[in-house]
Amino acid sequence: MIRGKQKLPAVRPGASYEVGYGKPPVASRFAKGQSGNPKGRPRGAKSKRPALNEERLKDIILDEAYRDITVRDGGRSVTVPMAQAIVRAMAVNAAKGQHRAQRLFAEMLAATERQNKALADEWLETAITYKVEWDQELARRERLGITDLPAPLPHPDQVKIDMETGRAWIDGPATKEQVAQLEVLWARREDWLREVEGLERLLETEGDEAVRAAIEKDLRRTQKTLAIMDRLLG
């Protein structure tokens with residue numbers, strides 16, 4: 001008959017240390033200087049911290065704001081960005097007389113219009129300053145006979161300002177790349193123009209109706225392309 005539980009020895013035979021909680025056998029211990037998870041956390045782990053120059057929460061908000069969703073618009077379904085759906089719902093509630101929606105929508109509209117007005121005023125001031133300063137510089141060059149300096153891009157003559165509406169815009173190339181693109185378009189326009197002239201000469205001398213029909217078709221296509229290029233080139 002067993003009178004009581006037999007207590008196991010704290011130290012195994014031949015061991016020089018105790019084995020127990022927090023004291024595993026030597027063979028199963030982690031080697032010093034070696035990670036217990038040598039592969040590390042897998043890439044894309046959710047707990048990965050953003051870099052110092054990242055604003056991950058803003059990216060998430062923008063992704064959600066411009067994610068397409070399907071909403072009902074009258075009797076049909078339309079796909080719009082999430083932000084547009086929210087603004088539309090707010091506007092509809094405001095039109096129905098909900099005071100909170102009316103206040104929020106009015107505040108949002110006023111803030112948007114203020115920002116647009118500030119940007120338009122800044123652009124108008126920049127355009128006026130640019131045009132005045134470059135007009136003065138070009139007049140100085142002409143007065144002194146300076147001809148070896150490059151012309152500004154955009155040229156001040158291409159900066160258009162409507163003082164009645166407060167609108168300013170650039171009517172022409174504003175960068176070297178745009179100038180190069182325009183030069184290519186002008187060269188291609190000359191090629192298309194020569195093709196139109198050649199097709200017109202062929203029509204004057206061709207008597208076969210089937211051939212004339214094919215030439216007229218090519219002529220209409222070429223004239224259409226030329227008209228598009230003329231619109232692009234102003």
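## Briefing: salt bridges, ring contacts and burial

With a relative accessible area of 45%, Glu55 is partly exposed. This residue is joined to Lys58 by a salt bridge in which the closest N and O atoms are 3.1 Å apart. The model is a predicted one, and the points below move from its overall make-up to its charged pairs, its aromatic side chains, its surface and two of its buried positions.

**Overall make-up**

- The protein contains five helices and four strands, and these elements follow one another from the N terminus in the order α-β-β-α-α-β-β-α-α.
- Of its 234 residues, 12% count as buried, while the accessible surface comes to about 19,700 Å², of which carbon and sulfur atoms supply 55%.
- Among the contacts with a separation of 6 or more, 27% are accounted for by residues that lie 24 or more positions apart.

**Salt bridges**

- Side chains of opposite charge can pair when their charged atoms come close.
- A search of the whole structure gives 14 salt bridges, including the pair of Lys58 and Glu55 introduced above.
- Glu107 and Arg103 meet through their side chains at 3.5 Å, N to O; the two residues are four apart in helix H3, so about one helical turn separates them.
- Both partners of that bridge are partly exposed, Glu107 with a relative accessible area of 44% and Arg103 with one of 40%.
- Arg141 and Glu137 also form a salt bridge, here with an N to O distance of 3.0 Å, and because they too are four residues apart in helix H3, they are separated by about one helical turn.
- Arg141 counts as buried, since its relative accessibility is 10% and the cut-off for burial is under 20%.
- Elsewhere, Asp73, Arg76 and Arg88 are joined into one network by salt bridges that share partners.

**Aromatic side chains**

- Searching the whole structure yields one aromatic pair.
- That pair consists of Tyr130 and Trp134, whose rings are tilted with respect to each other, with 6.5 Å from centre to centre and an angle of 55° between the planes.
- Tyr130 and Trp134 lie four residues apart in helix H3, which spans residues 99–144, so about one helical turn lies between them.
- Each of the two is partly exposed: the relative accessible area is 23% for Tyr130 and 25% for Trp134.
- At another ring, that of Trp169, the charged end of Arg167 sits over the ring at 4.3 Å from its centre.

**Nonpolar surface**

- Leu57, Ile60 and Ile61 make up a nonpolar patch on the surface, and together they contribute about 310 Å² of accessible area.
- Leu57, which belongs to helix H1 (residues 56–65), is exposed with a relative accessible area of 60%.

**Two buried positions**

- Ala168 lies in strand S4 (residues 167–170) and counts as buried at 11% relative accessibility.
- If residues up to four places away in sequence are not counted, Ala168 touches Trp123, Leu124, Ala127, Lys160 and Ile161.
- The C-alpha atom of Ala168 is also 8.5 Å from that of Ile128, a residue 40 positions away along the chain.
- Thr222, placed in helix H5 (residues 209–233), is buried with a relative accessible area of 0%.
- Again leaving out residues up to four places away in sequence, the residues that Thr222 touches are Trp192, Glu195, Val196 and Leu199.

Methods: Residues are numbered from 1 along each chain as its sequence is written. This is a predicted model: local features need pLDDT of at least 70, side-chain atom pairs count only at pLDDT 80 or more; totals for chains, interfaces and linings use all residues. Side-chain values use heavy atoms; hydrogens and water are left out. Rings of Phe, Tyr and Trp (its six-membered ring) pair if their centres lie within 6.5 Å; planes under 30 degrees apart count as stacked, over 60 as edge-to-face and the rest as tilted. Buried means under 20% relative accessible area, exposed over 50%, partly exposed in between (1.4 Å probe, protein chains only). A charge sits over a ring if NZ of Lys or CZ of Arg is within 6 Å of the ring centre and within 35 degrees of the ring normal. Patches are made of residues with over 30% relative accessible area and no salt bridge: like charges are joined within 9 Å, nonpolar side chains (Val, Leu, Ile, Met, Phe, Trp, Tyr) within 5 Å. Accessible areas come from the Shrake-Rupley method with a 1.4 Å probe; for residues, only the protein chains shown count as cover. A salt bridge is a side-chain nitrogen of Lys or Arg within 4 Å of a carboxyl oxygen of Asp or Glu. Contact means heavy atoms within 4.5 Å.
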